[in-house]
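Colleague: Could you walk me through the salt bridges one by one, and then through what surrounds them? Please spell out your cut-offs as you go.

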Amino acid sequence: MVVFVKHNRKRQSGIYSVEFALVAVVFMVILFLTIEVGRLMYTWNMLTEVTRRGARLATVCNALTNTSNTNTVAQQTGLSTTATFSGTDLLPNLTASNIIINYLDSAGNITTNAEQVAAVQTQITNYQHRFIVPFFSVTLNSPALTTDIPRESLGFTRSGITSC
């Protein structure tokens with residue numbers, strides 16, 4: 001015996017809209033997460049470049065607090081500002097206060113004596129990256145990014161002292 005069931009089209013008329021809404025939400029979240037992972041990788045690469053650039057500037061620029069009397073190196077806020085690609089908004093939360101430049105002696109200890117400087121170390125501290133994904137509000141702290149490079153001229157040349 002065969003039973004014919006009459007389908008009611010009105011009961012199924014909105015099912016495609018519901019399916020689309022469910023699939024579209026999942027697709028959009030995956031799309032935004034993919035874009036944000038790319039943005040995160042870009043940010044970490046830029047932070048690495050900032051540490052490299054800051055260390056390079058510190059090795060070739062004048063680091064003395066007073067060139068006439070003392071031989072003491074100082075924190076380089078001007079170099080930190082230059083290392084952040086000042087004048088551009090490549091990284092929105094990065095400021096010179098996030099960058100620490102240390103002058104190291106041959107044992108790896110921080111020194112202020114310019115004659116003992118063997119290397120320059122640049123670090124990124126307290127940088128926070130905020131994800132921009134709908135329905136998710138996540139802020140990530142940057143990993144410990146450090147660049148150490150050997151000392152070069154520290155701004156001393158045959159023709160005098162250079163400033164950057």
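Modeller: Let's start in helix H1, residues 15-60, where Glu-36 and Arg-39 sit three residues apart, about one turn of the helix. (Helices are DSSP runs of H or I with at least four residues, strands are E runs of at least two, and both are numbered from the N terminus.) Keep in mind that this is a predicted model, where local features need pLDDT of at least 70 and side-chain atom pairs count only at pLDDT 80 or more, while totals for chains, interfaces and linings use all residues. Residues are numbered from 1 along each chain as its sequence is written, and side-chain values use heavy atoms, with hydrogens and water left out.

Back to that pair: the side chains of Glu-36 and Arg-39 form a salt bridge at 2.6 Å, N to O. By that I mean a side-chain nitrogen of Lys or Arg within 4 Å of a carboxyl oxygen of Asp or Glu. Glu-36 is buried, at 4% relative accessibility, whereas Arg-39 is partly exposed, at 28%. Buried here is under 20% relative accessible area, exposed is over 50%, and partly exposed is in between, with a 1.4 Å probe and protein chains only.

The whole structure has three salt bridges, so on to the others. Arg-52 and Glu-49 are also both in H1, again three residues apart, about one turn of the helix. Their side chains meet at 2.7 Å, N to O. Arg-52 is partly exposed at 41% relative accessible area, and Glu-49 is partly exposed at 28%.

Then there's Arg-56, which bridges to Glu-152 with the closest N and O atoms 2.6 Å apart. Arg-56 lies in H1 but Glu-152 is in the loop between strand S5 (145-150) and strand S6 (156-157), so this pair ties together parts 96 residues apart in sequence. Arg-56 counts as partly exposed at 37% relative accessibility, and Glu-152 likewise at 40%.

What about the surroundings? H1 lies across S1, S2 and S5, at about 30° to S5; axes are lines fitted to C-alpha atoms, for helices over the stretch in contact, and angles run from 0 to 180 degrees between N-to-C directions. S1, S2 and S5 make an open antiparallel sheet in the order S1-S2-S5, with S1 and S5 as the edge strands. (Two strands pair if DSSP finds at least two bridges between them.) Six bridges join S1 to S2, and one of the partnerships is Asn-102 with Gln-121 in S2.

H1 also supplies four residues to the largest nonpolar core, the largest share. A nonpolar core is a set of buried Ala, Val, Leu, Ile, Met, Phe, Trp, Tyr and Cys residues joined through side-chain atoms within 4.5 Å. This one has 15 residues, and Leu-47 is among those that touch the most other members. Not counting residues up to four places away in sequence, Leu-47 touches Leu-91, Leu-94, Ile-124, Tyr-127, Ser-142 and Leu-145, where contact means heavy atoms within 4.5 Å.
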